[in-house]
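Subject: A structure for you to look at

Hello,

Here is the structure I promised to pass on, with its sequence. Have a look at it first, and then read on for what turned up.

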Amino acid sequence: MEKCERLFCETLKAVFLGEKGTADKDSLVVGAQYVQNPDGHSKGTTQFQYWIEVWDYAGGSLFRGFIIEKANKKCLYVFFDQQVIGRDLKHGLIALLELASTPAFDCPQLVVCLDRSLEEEKEKSFMRDLGWVGFQLVTLSSLLNTKEVLSDSWLFLTMEV
């Protein structure tokens, strides 16, 4: 779980784990929901379900991510960092799509969090390849129905499973 949490930039910590600047003080407990703001208003209904790690033996990739639930709809988020890019992802991506659609996970949406620190050519090529599979570039705002939120560390691509 801690290895997955380390992939969070400040934006992801603020959106999924709590208030900016306070998110890294404690590890989030699975099943925890947003707490109330000091003014008593709830921050949202997003709830963590699971942290996941999936090892793709065929391609040699380790995928880390998490499942959230918002408004009774689950979503699987998976980080594609520097260690994943450039490897054979066919089998791993198929496994992630199948895992998301299992009754145990029941996630109708898969979100790939693509590392922004990639070289521009690699990033464009990888995004084009994911586009051929059916992924579309989105923002966290559209995924979570919130005000505009951008991450300096991650690009988000989504696909209906």
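To begin with a question: what span should the 14 residues of helix H4 (residues 120-133) have at 1.5 Å a residue, and how far apart are its end C-alpha atoms? Please keep in mind as you read that this is a predicted model. The expected span for H4 is 20 Å, and the end C-alpha atoms lie 20 Å apart, so the two agree.

The buried residues of this helix are Glu-123, Phe-126 and Leu-130. They take up an arc of only 70° around the axis, which means that they sit on the same side of H4. Turned away from that buried side is a face with the exposed residues Glu-120, Glu-121 and Trp-132. If you would like to see what lies over the buried residues of H4, the cover includes strand E3 (73-80), helix H3 (90-101), strand E4 (109-115) and strand E6 (154-160). Just after the helix comes Gly-134, with a positive phi of about 130°.

The chain as a whole

It may help to step back for a moment. The chain has five helices and six strands, and along the sequence they follow the pattern α-α-β-β-β-α-β-α-β-α-β. Of its 161 residues, 47% count as buried. If you take the contacts between residues at least 6 apart in sequence, 56% of them join residues at least 24 apart.

Helix H3

H3 can be read in the way we read H4. It has 12 residues and reaches 17 Å from its first C-alpha to its last, which is close to the 16 Å expected at 1.5 Å a residue. Its buried residues are Gly-92, Leu-93, Leu-96, Leu-97 and Ala-100. Looking down the axis of H3, you will find these buried residues within an arc of 135°, so they line one face of the helix. The face turned away from the buried side carries the exposed residues Lys-90 and Glu-98. Among the elements that cover the buried residues of H3 are strand E1 (47-56), E2, E3, E4, H4 and E6.

One residue of this helix that you might pick out is His-91. Is His-91 buried, exposed or partly exposed? Its relative accessibility is 44%, so His-91 counts as partly exposed. Leaving out residues up to four places away in sequence, His-91 touches Asp-56 and Ala-58. Asp-56 is 35 residues away from His-91 along the chain, yet their C-alpha atoms are separated by 7.2 Å.

In the loop between E3 and H3 you will come across Leu-89. With a relative accessibility of 12%, Leu-89 counts as buried, since the cut-off for that is under 20%. Apart from its neighbours within four places in sequence, Leu-89 is in contact with Ser-61, Phe-63, Phe-80, Val-84 and Phe-126. Phe-126 is also one of the buried residues of H4. The C-alpha atoms of Leu-89 and Ala-58, which are 31 residues apart along the chain, are separated by 8.7 Å.

The cavity

How many cavities of 30 Å³ or more are there? The count comes to one, and the volume of the largest cavity is about 40 Å³. Its lining is made up of Leu-7, Leu-62, Phe-63, Arg-64, Phe-79, Asp-81, Gln-83 and Val-84. By type, the lining residues are five nonpolar, one polar and two charged. Strand E2 (residues 61-70) gives the most to this lining, with three residues. Two of the lining residues, Phe-63 and Val-84, appeared above among the contacts of Leu-89.

Two loop residues

Finally, here are two places in the loops to look at. Ala-71, in the loop between E2 and E3, has a positive phi of about 55° although it is not a glycine. Its relative accessibility is 64%, so Ala-71 counts as exposed. Asp-106 has a positive phi too, of about 50°, and is likewise not a glycine. You will find Asp-106 in the loop between H3 and E4.

Enjoy exploring, and do write back with any questions.

Best wishes

Note on methods:
Residues numbered from 1 in each chain as written. Predicted model: local features only at pLDDT ≥ 70, side-chain atom pairs only at ≥ 80, totals over all residues. Heavy atoms only, no water. 1 Å grid on protein atoms, 1.4 Å probe; cavity = no way out; pocket = protein on both sides within 12 Å on 5 of 7 lines; lining within 4 Å. Points joined across faces, edges and corners; volume = space filled by probe spheres on them. Helix = DSSP H or I, 4+ residues; strand = E, 2+ residues; numbered from the N terminus. Nonpolar A, V, L, I, M, F, W, Y, C, P; charged D, E, K, R; others polar. Expected span 1.5 Å × (residues − 1). Buried < 20%, exposed > 50% of the residue type's maximum accessible area, 1.4 Å probe, protein only. Arc of directions from axis to C-beta. Contact = heavy atoms within 4.5 Å.
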